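Trainee: I would like to learn how to read a core and the strand that runs through it. Could you walk me through an example?

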Amino acid sequence: MAVSHLPSEYSVTIDSAHGRFGSSGRASVGTVKITVLSGGVGGARFLRGLRHHLRETLPDGAGGTTAEVTAVVNTGDDMWLSSLRVAPDLDSIMYTLAGSNDEVRGWGRTGETERVSVELNAYGVGWPWFTLGDLDLGTHIARTHFLRSGLALSEATARITDRWNLGVTLLPVTDDEVETQVVTDEGTMHFQEWWTRHRASVTARRFEQRNVDIASPAPGVLEAIASADVILVAPSNPVVSIGTILGIPGVRNALVAASAPIVGVSPIISGAVVRGMADACLTTIGVQTSAEAVALHYGGRSSGGLLDAWLVDDSDADAVAALAPAGVAALAVPLWMRDPETSARLAAAALAAVRY
Ligand code: GDP
Ligand code: CA
């Protein structure tokens, strides 16, 4: 089923490098299944845009879409704090899709207060530099309640997201605890400490995912990859968001083997991050902060990597020709997600890149 209402500026199409859509470049009939690999804020904005686009182009007549969107979400930022399980990327996506995220601050809930955190600080409980809002704490208490009742994180996530009518299924990439540790000259610390407390000012020597070697993909993750009609890599942190997802045993192989084309969106525009610390993360793993270098890091599918197509910003149009030898069909389009409409156009461009 093809999306036929793409804005004209996004009507450029590229054949899937795998040619699996046949001569028409289109998938077989049935519900369109889209699987998105996602981190927190960049992924959340992209998913909101994708949902917006699909509601317009594949409407279900009841305000939603007939397409099935599954987000496979990074859990490397998760942590136990004050005995509560906190899952920042899952929650960023949930609040953004629910329309209850704080757009000004960029994270957390709207109308938030922080009275409980003040009390916890007074007791010396938790991290004084990491404030959890009162409404947000409700989410963490609910999640911890479900986990303590014996549910896996994926089941707890289903219970928590059920409340919100998100229109997107959120799957943590794994039910196992694979927290990202940052190895620095000042010691090894949780990713949240490196970023929130130190603002990435302490040089990261390397990133390690605790227990990743014994982790498994959460139920539904490999199926969502294998059964997708198209797979999108959101403009998320390539190291500590997408890199963590790819690090779960079995996930990368499932992507390489997937029959769907894989389209990625650059989180880097004009050699800089839009927000966050992906530049510091990329430097740590020896990858330049550029749209081109991130694409080469993911690799072209024809040479054993992930990408069939890659979207770069108009300002990075030079990367289009530079990536051709690597077998990555790059397209230059506006990559700034300023609001749901610009995000929707970006999602449309990602689908159009493989004639979807
Ligand atoms: P986090 O988990 O909250 O850090 O969020 P993600 O991993 O999903 O995304 C972080 C990345 O999103 C950063 O590298 C940003 O550069 C990128 N990003 C944020 N806003 C935009 C945007 O409007 N356009 C693009 N292309 N990337 C963005
Ligand atoms: Ca994150």
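Mentor: Happily! Here the largest nonpolar core has 97 residues, a core being a set of buried Ala, Val, Leu, Ile, Met, Phe, Trp, Tyr and Cys residues joined through C-beta atoms within 7 Å. L47, A71, L311 and A350 have the most contacts inside it. The biggest contributor is helix α13 (residues 340-352), with 8 residues. This is a predicted model, where local features need pLDDT of at least 70, side-chain atom pairs count only at pLDDT 80 or more, and totals for chains, interfaces and linings use all residues. Residues are numbered from 1 along each chain as its sequence is written.

Trainee: Which residues does A350 touch?

Mentor: L232, V263, V265 and L311, leaving out residues up to four places away in sequence; contact means C-beta atoms, placed from the backbone, within 7 Å.

Trainee: Why is strand β13 largely enclosed?

Mentor: In a regular strand, side chains alternate between the two faces of the sheet. In β13 (residues 309-313), 5 of the 5 residues are buried, so the rest of the structure largely encloses this strand. Buried means 20 or more other C-beta atoms within 10 Å of a residue's own. A309, L311 and D313 cover one side, W310 and V312 the other.

Trainee: Which strands pair with β13?

Mentor: Strand β10 (residues 262-265) does so in the parallel sense over 3 bridges, and V265 stands opposite L311. Strand β14 (residues 329-333) also runs parallel to β13, joined by 5 bridges; pairing requires at least two DSSP bridges. L331 in β14 is the bridge partner of L311.

Terms used
Chains lettered and ligands numbered in written order. Buried ≥ 20, exposed ≤ 12 C-beta atoms within 10 Å, placed from the backbone. Helix = DSSP H or I, 4+ residues; strand = E, 2+ residues; numbered from the N terminus. Contact = placed C-beta atoms within 7 Å.
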